[in-house]
Amino acid sequence: RPTGAFYAFPDVSATFAKLGVTDASGFAQIALERAHVAVVPGNAFGQSTHIRLSFATSDAVIDAGLERLNQMLSE
């Protein structure tokens, strides 16, 4: 049985202008403040245009977080 986590590493740079940010760190701050979703900026991995999402939780929690991110980006 695996003991690690699963991650996605999407490019979110297309949202920067709309959110008024210049990199993934800014995106992460907005996501936390507006959607109450914690993401890891890709800056830590050498990709300032990406964020890291962890999928090491229940489907219900993942669905809720993605829905909140979707609502934030739809505003």
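On a 1 Å grid over the protein atoms alone, a pocket is an open set of points where a 1.4 Å probe fits, with protein on both sides within 12 Å along at least five of seven lines, and its lining residues have an atom within 4 Å of a point. The volume is the space filled by probe spheres set on the points, which are joined across faces, edges and corners.

The model is predicted, so local features need pLDDT of at least 70 and side-chain atom pairs count only at pLDDT 80 or more, while totals for chains, interfaces and linings use all residues. Residues are numbered from 1 along each chain as its sequence is written, and side-chain values use heavy atoms, with hydrogens and water left out.

The largest pocket holds about 250 Å³ of space. Its lining has 17 residues, of which Val37, Ala38, Leu53, Ser54 and Gly65 are the closest to the centre. Two or more lining residues come from each of β3 and α3 (59–74), helices and strands being DSSP runs (H or I, at least four residues; E, at least two) numbered from the N terminus. The largest share, six residues, comes from α3.

Two residues are partly exposed, a term for relative accessible area between the limits for buried (under 20%) and exposed (over 50%), with a 1.4 Å probe and protein chains only.

| Residue | Place | Relative accessible area |
|---|---|---|
| Phe45 | loop between β2 (40–41) and β3 (51–54) | 42% |
| Arg52 | strand β3 | 25% |

The C-alpha atom of Arg52 is separated by 10 Å from that of Val12, although these residues are 40 apart along the chain.
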